[in-house]
Amino acid sequence: TGGAGESGSLAARALGVTAGLMRRNTSITAASTAGGGGAAGLDAMDDGGGVAGGSAGTGADASGRDRSSGANSSACSVPAGGGPDGGGAVSVPAPRHTSAAVPAAAMHAHAAHLHHHHHQHAERPVLGVLFSAPLAFVDASGAVHAMESLDLEKERRMICESVREAGRALDLRFEAATTDRLRTLVTLGRCAGLHYSGHGDPHFLTMEDGRGLTHFVRTHTLSKLLGSGPGGQMHSIRFVFVSACFSQKAAQCFIEAGVPAVVAVTQSGRLSDAAAHTFTRAFYLALAVGQSVRAAFEIGRQAVACAPDVRQADIEKDKFVLLLQPPRPDGSHAADEPPFAHLPPCADWAPPERLSALCLPPVPDNFLGRNVETYATTAAVLDRRLSTVVGPRGVGKSALALVAAHYLTERAYFADGALLVDLGSTAGHEGMLP
């Protein structure tokens, strides 16, 4: 939670009250260090504020980027300033909202709506989407390094926009990419399609470990994970799209597990974000209007070849490959059959709601980097009841705390959401009491 300049101790006491209203007393404060001048242009957000987490759940850009991988104590302090991975001091503009407080009843109503929506459309085909966005990784010496971020928000918007434009009632299920969530989606058998997006390597896929670090899943481990269920476990999944560099070997694991068709990226080169986004949008729009996997694959490749913002477009389009099971005895193939053939029309389709958007203000648009500090903050919150982000005024403590709160809420660590408490205009402790 954001801290209150010189009144950091007051912020901590107020957050103790705020967190006490929730099922689990978990909170983050951001407090300025004494005498710190900080960066110029102090924003309203860093004048004060706090983020408190609700009850703990059980769960845990530009075209130049590519998709290759490059003890319980009572309190904890996390420095907000940047080291080599941190990005140093930043001046962060005030977000569109300076505080957000959503009653628990509203959050429970939101959960009840999603529960009702799930049962109402249980028979519809579902597209499961696994996004891998670990914050950092640990090297052989134990040092923590920032993990390069992919523009997964843009990819999410493109998938949603494709379904909305198709005007069909396709249900989407977005999850953090962990081995547990992958195995869960396979076991439940509700997904007609599965999409993975993250960094890849010829020998592994990157997933999340549930705490913000990278879980490097080697292909032989992936094969064991997918093959651990009884025969026919993959019968509901008509296709998988492994959107990562060098993902052909990982895609073969899905083929061996029985998936009829798998879209992947060749072992020969890295894939740009621009090419991945262009292909993804065209591919899912084609599937949503009733095209087969094979037809949608060709439509996606041609969209990349013609895209004005994709460099070396002809080379990039040839990096996408379609792996197939052998044809049936009669010569037919599931890749030539639409996986979403009978979707009902839906003129007012809306993307799945996000709890973090309901209960927290948005992350500042120009918050970049500082993944190591974000990881340190999220790890501290998961291990301790009170965590404090410290640093000079204006360095971006409140923004860091807000990013950490978004990260944890998106991964269902706090079933009741998280709250931002703005203490910037509070002069004394009287204004902090309920």
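This report describes helix 3 and a six-stranded sheet with its covering helices in a predicted model.

## Basis of the model

The model is predicted, with local features requiring pLDDT of at least 70 and side-chain atom pairs pLDDT 80 or more, while totals for chains, interfaces and linings use all residues. Residues are numbered from 1 along each chain as its sequence is written, and side-chain values use heavy atoms, without hydrogens and water.

## Helix 3

Helix 3 comprises residues 152-166; helices (H or I, at least four residues) and strands (E, at least two) are DSSP runs numbered from the N terminus. Its 15 residues should span 21 Å at 1.5 Å a residue, and the end C-alpha atoms are indeed 21 Å apart; the expected span is 1.5 Å times one less than the number of residues.

Buried residues (under 20% relative accessible area, 1.4 Å probe, protein chains only) of helix 3 include Leu152, Met158, Ile159 and Val163. Among the elements covering the buried residues are strand 4 (126-131), strand 7 (171-176) and helix 7 (273-288), contact meaning heavy atoms within 4.5 Å. Just after the helix, Gly167 has a positive phi of about 70°.

## The sheet

The open sheet has 6 strands in the order 7-4-8-12-13-14, with mixed pairing. Strand 7 and strand 14 (320-324) form the edges, each with a single partner strand, so one side of each lacks a neighbour in the sheet. Strand 4 and strand 8 pair in the parallel sense over 6 bridges; pairing requires at least two DSSP bridges.

## Helices across the sheet

Helix 4 (residues 179-188) lies across strand 4, strand 7 and strand 8, at about 150° to strand 7. Helix 7 runs at about 165° to strand 12. Angles run from 0 to 180 degrees between N-to-C directions, with axes fitted to C-alpha atoms, for helices over the stretch in contact.

Notes: Buried means under 20% relative accessible area, exposed over 50%, partly exposed in between (1.4 Å probe, protein chains only).
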